[in-house]
Structures are given as C-alpha cells and as structure tokens.
Amino acid sequence: MTKRTVQFKIYRYDPDKDEKPYMQDISVELEASDKKLLDALVRLRAKDDSMSFRRSCREGVCGSDAMNINGKNGLACLTDIDSLQQPITLRPLPGLPVIRDLIVDMTQFFKQYHSIKPYLVNNDPPPERERLQTPEDREELNGLYECILCACCSTSCPSFWWNPDKFVGPAGLLAAYRFLADTRDQDTNARLDNLEDPYRLFRCHSIMNCVDVCPKGLNPTRAIGKIKDMMVRRAI
Amino acid sequence: MNVAKRTFDAVIVGAGGAGLRAALQLSEAGLKTAVLTKVFPTRSHTVAAQGGVAASLGNSTEDNWHWHMYDTVKGSDWLGDQDAIEFMCKKANEVVVELEHYGMPFDRTDNGKIYQRPFGGHSMNYGQAPVMRSCAAADRTGHAMLHALYQRNVRANTQFFVEWMALDLIRDADGDVLGVTAMEMETGEVSIFHAKATIFATGGAGRIYYSSTNAFINTGDGVGMAARAGIPLEDMEFWQFHPTGVAGAGVLITEGVRGEGGILRNASGERFMERYAPNLKDLASRDVVSRAMTTEINEGRGAGPDKDHVLLDITHLSPETIMKRLPGIREIAIQFAGVDPIKAPIPVVPTCHYQMGGIPTNYKGQVVVPKDGNSNAPVQGFYAAGECACASVHGANRLGTNSLLDLLVFGKSAGETVVEDFKSGQLKLKPLPEGAADASLARLARLDSQTKGESVFDVGMEMRRTMQKHAGVFRFDQLLKEGVQKMGEIAERAKRTEIKDKSKVWNVARMEALELDNLIEVARATIVSAEARKESRGAHVRDDAPDTPENPNGRDDANWLKHTLWYSEGNRLDYKPVNLKPLSDDVEPIALAKRTY
C-alpha cells in the first residue's frame with residue numbers, strides 16, 4: 001500500500017459539551033504501513049485528540065475495540081481499511097448506552113455474562129495433580145473458550161436489543177455452554193435450571209447475526225442449540 | 001477538586017494475571033479488597049501470552065524443578081536471585097495444577113494430563129536436550145489463563161473498580177505506603193484509595209520502544225508511580241527482544257511455533273541457528289536467537305526486498321498440527337503478515353517484548369529498598385508482582401513461559417504475604433499525610449491549563465524512536481551516551497505536553513498524557529542504567545564488551561555481577577549484590593559458567 005487519504009463519518013458525542021450526538025465527516029492521510037482500521041483511528045487521534053475509543057492489544061485477543069463499522073459490528077484492529085467502502089461509517093456498538101463517542105457502557109453485557117456463573121464448579125476435593133480429561137473431551141471446549149467478550153455478537157442480536165435485562169445474549173450463552181460442555185464441571189442441572197425461563201435462553205430465534213459478526217469465528221447459535229438439546233434430553 | 005476517600009484492607013492495582021492471582025488470595029481470606037484496573041480485567045495484556053506456562057510436571061518427558069532452576073539461572077546469565085528462582089521453580093507444579101482446578105482449558109496428552117511442549121532455553125539434565133515443560137492451551141495460553149483467573153474471582157466476589165486509572169503512590173514521612181490516588185475514566189473524578197496494603201501488578205512498559213509486541217496499555221504505570229515516589233527501579237537496562245514479532249506489525253508469534261518444530265531461515269533458506277547454538281538451535285534462549293537474527297540481517301542475509309527480516313518456517317509441519325496446536329498463530333500470520341503459514345514462511349524480526357527489571361521485591365512479593373545498610377529492607381505496606389516487579393527471577397534474560405509462571409507464583413506469594421501480615425496485626429491503617437492527593441491533582445491541573453505545549457503523540461513518538469535507536473538488541477557506547485542526553489531532553493518536553501480535549505468524560509487524551517509520564521520514567525531508567533553497565537550480560541550486549549577468555553560472552557563478573565538500582569531524582573545509580581544462594585539446602589548454588597546453547 002501507498003500513502004492515501006481515507007474519508008470517515010464518525011459518531012461523536014461528548015456529554016460534557018454536546019447537547020446531542022452528531023456524525024462528523026473527517027478524513028485522514030494514512031502511511032503506507034497503516035493496514036487496519038485501528039491504525040487509521042490512531043492517526044485520527046494524533047490529529048484530533050478528543051476522538052474517543054477503547055483499544056489495547058491491537059491483535060484481536062483483548063476485545064476492546066469493538067465498534068459498528070459500515071453497519072456491521074467488528075474489531076477495528078482486525079478490519080482491513082482497504083476492504084471498507086468510503087466514507088467509512090463508525091458508530092458505537094448498537095443497543096448499549098453511549099458514554100462518549102465510540103465508547104459504550106458494557107454493564108448490562110457483563111451482568112448477563114456473570115449471571116450464568118462463568119466459572120467451573122466441581123465440589124470433589126481437589127486431587128494432588130490435575131484432573132484428567134481426554135483429548136476428545138477437551139476438544140468439546142474448542143470454539144467456546146476462545147471468546148474475548150468484545151460484545152460484537154450480543155449487540156448485533158435483535159433479541160438482546162429488545163430484552164438486554166432478560167435475555168442472556170449470545171456471548172453469555174456461549175460461556176454457559178462452555179461450562180456445560182466441560183467434563184470437569186458438576187453443575188449441569190443448576191446451570192440448565194438457571195436458563196429455563198421464557199427469556200434467558202429461549203429468546204434466541206436463530207437469526208444468526210452473532211455468527212456473522214464474531215471476529216473469532218465462533219458460533220454462539222450452535223452452542224445455544226446444544227443447550228436447548230440438553231434441556232430437551234433432560235425433560236424426557 | 002473534591003477528592004473522595006475510600007478505605008480498604010488492601011488495594012491491588014492491575015487485574016492481569018498477577019493482580020487477579022493476588023486478588024484471589026485476598027478475597028478468599030476475607031480481606032476487604034479493591035482491585036483497580038484501567039481496562040476490564042480480561043483485556044489486560046496477560047491475554048496475549050501464547051505459548052505456555054512452565055512447570056516441571058514431567059507429563060511427556062522426565063523433568064524436575066532442579067533442571068528448571070538451572071535453566072532459569074543460566075537463562076538469566078546469573079543475574080537472577082537464586083532464592084527467588086528456587087522458590088518459583090519449586091512452586092510451579094502447585095500453581096499450574098491449581099489453575100487446572102480453577103477450570104483452565106489446558107490441552108491434554110493421550111492419557112488425559114496437561115499437554116506440554118518444548119520451549120526455548122528449557123532443557124533436561126542441565127542443558128543436554130530440549131524438555132517438554134511448557135503447559136499449553138493451544139497457542140492461547142494467556143487468554144485461557146486470564147479468563148480462568150477472572151472467572152475464579154467472579155466466584156470469590158472480588159470487588160473490581162473497572163476503568164479506574166491509578167495516578168500516584170501515597171507515602172508518608174516514614175516512607176510507608178498508604179495507598180494510591182486514582183481517576184475514574186467515566187467521570188474524571190479523583191479518589192484516594194486508603195489501605196493497609198498496596199499491591200502493584202501493573203505489568204510492563206514495552207511501549208517505550210517503537211517496535212513492540214506490547215499492547216497500547218503497557219505503559220509501566222506502576223513502575224512510573226513507584227519511581228516518582230522515590231522507590232528505585234532494578235535492572236531496567238534488561239529488555240527482552242522477542243525473536244519473532246511479525247515484520248512491520250510487531251504482533252507476537254509465539255516461541256511455541258519453534259517448540260512445535262518451526263525453523264528460522266535466512267534469505268538463502270539456511271537454518272542459521274545451527275551456527276549460533278549447535279545444541280538447542282532454534283530453541284536457544286531468546287536473547288541468543290534475537291542476536292543471531294540481527295546479525296544475519298546486519299550482514300546482508302536477511303530476507304525480502306529490503307533484506308530486513310528472517311523467515312519462520314513451519315511449512316514442513318502437517319496442516320493438522322498447525323490447526324490443532326497453532327491455530328491462533330495461523331490467524332495472526334494471515335491477518336498481519338498476509339501469509340498462510342501452512343503454505344509459506346512468516347516474515348519475523350526481533351521485537352521488544354518484556355521488561356526483566358522493575359520494582360525491586362523479594363520472593364514474598366514485598367517491595368525492598370536499601371535502608372540503613374540493608375540493601376533489601378521491606379517498604380511497609382507495599383508489595384508488587386508480575387512484570388512490574390523484579391524478584392529477580394529473570395535476571396538479564398527471561399526464558400519463555402517463565403513470565404506466566406512468575407505472575408502465578410508471585411501474585412499468589414504477594415497475596416499470601418499480605419494476608420499473613422494482616423492477620424499478624426503487622427499491617428496498620430496509618431493516617432493519611434496532609435495533601436495526600438496534591439501531587440496527582442497538580443498533574444491534572446497542569447494538563448488542564450497547559451498552553452503552547454507539545455502533543456502527547458509527538459513526544460511519545462520521539463521517545464519510542466530514541467529508545468529503539470539507542471537501546472536496541474546491540475548496544476554501542478556512543479549511542480547510549482547520546483540516548484541519555486536525548487531522553488533527558490524528551491523528559492523535559494513531556495513536562496509541557498498539552499491536550500486539546502478537556503472533557504471530564506472518558507478522556508483518552510488525558511489518560512495518554514498521564515501514561516506518558518510513566519513511560520518517561522521507564523525510558524530514563526533504561527537508558528541511564530544501560531549506559532552505565534560496561535559489560536555484556538543476557539539481553540544487554542555492548543560492542544565494546546566482546547567475548548574474551550577472562551570475560552566469557554563479554555560478561556564481567558568481577559565488576560558487574562550486581563543489580564542496578566536507578567533513582568528518578570537526579571538519575572542516581574546504586575547497586576546491590578546478586579543473591580547467589582538458594583532459599584533452602586535442597587539445592588547447591590548454580591555456579592557461574594559461560595552460557596552456551
């Protein structure tokens with residue numbers, strides 16, 4: 001790539017000075033080495049230090065820089081700038097309260113994650129060495145444990161938009177299945193009880209926006225289907 | 001400005017691996033604990049660790065902690081303290097097994113045990129052959145670990161203050177530590193966190209370099225706070241350049257790739273490590289491999305049109321192995337290098353990765369400073385663990401997988417020490433000094449009122465370029481001297497940074513300006529300590545300290561077998577002895593020897 005100028009349309013809102021949010025047209029000149037959307041945002045900040053967004057690892061593992069990019073949720077650090085149609089429209093993740101610019105209040109998202117008891121429960125006295133698990137049983141956790149809690153999925157889900165307080169959402173349910181699928185966990189019944197209600201699990205209508213946007217290529221819809229299967233099998 | 005006061009038994013700053021491990025100890029003991037973190041815990045940089053955590057479980061090859069200790073002391077080029085190293089290697093199995101019990105999804109061997117892979121510098125039988133010691137969850141070990149630790153803290157009801165940035169350490173006239181000041185990002189409000197014990201677990205400061213594997217948040221906040229409060233920094237001249245950062249992007253490619261059989265090649269396809277480390281080859285320790293790569297590039301054997309990198313080749317591994325053991329690496333190579341490593345080698349260069357030095361501590365996690373003739377006198381109420389601390393287990397060069405082990409062992413140890421000191425009544429809530437928040441408020445007031453200053457971005461860039469040029473993989477006297485001068489000037493410029501954004505709400509500009517203050521302390525400590533150390537040892541290699549019979553590899557034990565202590569005020573240097581004596585009688589001291597791999 002060479003030097004080039006990129007056009008943006010960015011959601012701006014600073015409650016300290018703005019009465020209401022607005023979309024700002026802004027352009028930035030990129031260096032040849034700038035490849036990812038995050039590189040461009042860092043350049044934008046050098047030009048206007050009030051441009052606010054979260055970022056940390058810049059390699060897609062910390063989950064900080066999730067945002068709505070040309071209408072689709074994704075991570076700025078894993079999105080190629082040159083793959084995006086201009087002006088590149090950036091908005092905060094949909095459905096969560098905006099704190100400032102591209103920074104959203106994720107309290108509700110984490111509350112749902114915490115609600116599924118996201119930790120291993122095993123009440124046997126811990127053995128001297130590791131608990132054993134076959135490679136096959138361990139493989140059941142692949143596609144589940146890699147979640148980075150970026151919230152791209154839950155904030156692309158219409159069911160989560162309507163009922164963020166009642167529906168656990170794809171990220172939380174993926175985590176719920178991560179523990180249900182773990183042969184070391186002994187809390188299966190309580191975990192299923194915790195989800196057995198008209199909203200917490202069953203508001204998922206398999207729209208699959210979550211699968212479409214997950215920057216780690218995970219499939220929450222499949223995990224939700226497996227929880228539903230476990231519910232059915234338990235009932236029989 | 002109105003400053004709220006909050007009181008706790010203990011305050012922990014940082015919620016990466018070390019902070020979370022310490023928090024667990026305190027929460028489970030029932031101490032009223034506040035964990036301050038400038039990012040949500042699972043966004044801490046521990047999440048980016050890839051290849052594994054060391055423990056001599058011996059699941060696939062014979063192993064024991066004596067061999068691990070030997071490798072670590074040798075890896076440190078004998079600058080590591082042998083009491084702390086013995087403690088860490090002995091505790092490794094316990095803390096790794098604990099983590100498995102917490103739910104960490106380690107990969108498994110066929111008989112159901114934790115999967116272990118070979119790693120650089122780790123050997124069996126005192127250097128004879130590679131050993132399988134690195135306990136791994138694919139190539140996402142740090143992610144799996146950080147999430148498991150966070151999850152366990154959710155279970156323990158740990159109280160987090162998320163997106164709170166600590167600003168300054170509070171000490172009284174006796175030099176005792178009474179807590180920190182901190183700013184809530186969402187509101188810009190400053191609070192005093194008054195506590196009987198303060199644990200720093202704030203991570204490293206790899207962002208002092210232009211080319212770094214480190215996250216944006218790795219700005220040495222705890223190290224900077226400690227330096228400003230008069231605590232010396234230990235061994236800051238020792239920075240690890242990881243051999244395999246993606247050329248151009250800096251993103252880390254784990255050494256686990258070489259553990260699984262990856263090979264480094266120069267432009268002509270030669271496996272050049274055979275010339276530099278005939279025994280362990282590509283799995284020699286990191287400083288050795290990074291220097292070999294730099295030499296290949298400097299002598300014109302680099303790959304690519306500009307001959308500016310070497311190639312990490314795994315095309316000979318089966319696609320199944322790559323997909324199973326190195327799936328994250330494949331994603332990174334495709335994303336940031338534009339190559340699929342199943343089909344083509346990955347372009348890599350040595351990239352700043354890890355800070356061996358830090359806040360001086362002992363193996364119990366207590367911060368120790370010279371006082372009244374004792375070079376290791378504990379500072380009342382102050383503890384540190386993880387990359388921000390210097391125990392010192394890594395000495396002049398850290399072995400891969402020993403960082404995740406360090407944060408588990410010393411996070412736990414610091415937590416245990418606080419709990420013991422709390423229960424014995426040794427920790428007291430001393431009254432806050434007058435104006436405990438004044439220094440922090442003055443820094444914030446300056447940023448609010450500064451005009452005609454320079455941008456944080458520009459000053460920060462100048463620092464990163466200066467450190468990259470003047471204190472890199474190879475070091476030269478003239479460049480170091482110029483570097484000291486330049487960093488002095490940059491530090492002056494940093495006192496006049498100006499931010500345009502004055503909002504109270506989630507002000508990233510203010511945060512970056514405050515972070516720059518911390519980075520500047522670290523950069524000054526690094527360049528001044530490096531200029532002064534007139535030998536080659538571990539990651540600190542000078543062209544004027546070459547390999548001679550008296551000084552093997554340029555290491556001058558007669559004059560330089562000692563820890564550096566740098567004080568911010570006046571760039572003052574002091575030194576203290578290396579502890580060559582192990583903690584117990586279970587092991588003989590590892591005698592000084594020339595390092596070869």
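Reader: At what distance from the ring centre of Tyr597(B) does Lys74(B) lie?

Author: A charge counts as sitting over a ring if NZ of Lys or CZ of Arg is within 6 Å of the ring centre and within 35 degrees of the ring normal. In this predicted model, Lys74(B) lies over the face of Tyr597(B), at 4.3 Å from the ring centre. Likewise, the charged end of Arg572(B) is placed over the ring of Tyr567(B), 4.0 Å from its centre. Local features need pLDDT of at least 70 and side-chain atom pairs pLDDT 80 or more, side-chain values use heavy atoms, and residues are numbered from 1 along each chain.

Reader: How many aromatic pairs does a search of the whole structure find?

Author: A pair of aromatic rings is described by the distance of the centres and the angle of the planes. Rings of Phe, Tyr and Trp (its six-membered ring) pair if their centres lie within 6.5 Å; planes under 30 degrees apart are stacked, over 60 edge-to-face, and the rest tilted. The search finds 18 over all chains. For Phe87(B) and Tyr363(B), the centres are 4.9 Å apart and the planes at 55 degrees, so this pair is tilted.

Reader: Is Phe200(B) buried or exposed?

Author: Buried means under 20% relative accessible area, exposed over 50%, and partly exposed in between (1.4 Å probe, protein chains only). Phe200(B) is buried, at 0%, and Phe382(B) is also buried, at 0%. Their ring centres are 5.0 Å apart with planes at 90 degrees, so the pair of Phe200(B) and Phe382(B) is edge-to-face.

Technical notes:
Chains are lettered from A and ligands numbered from 1 in the order in which they are written.
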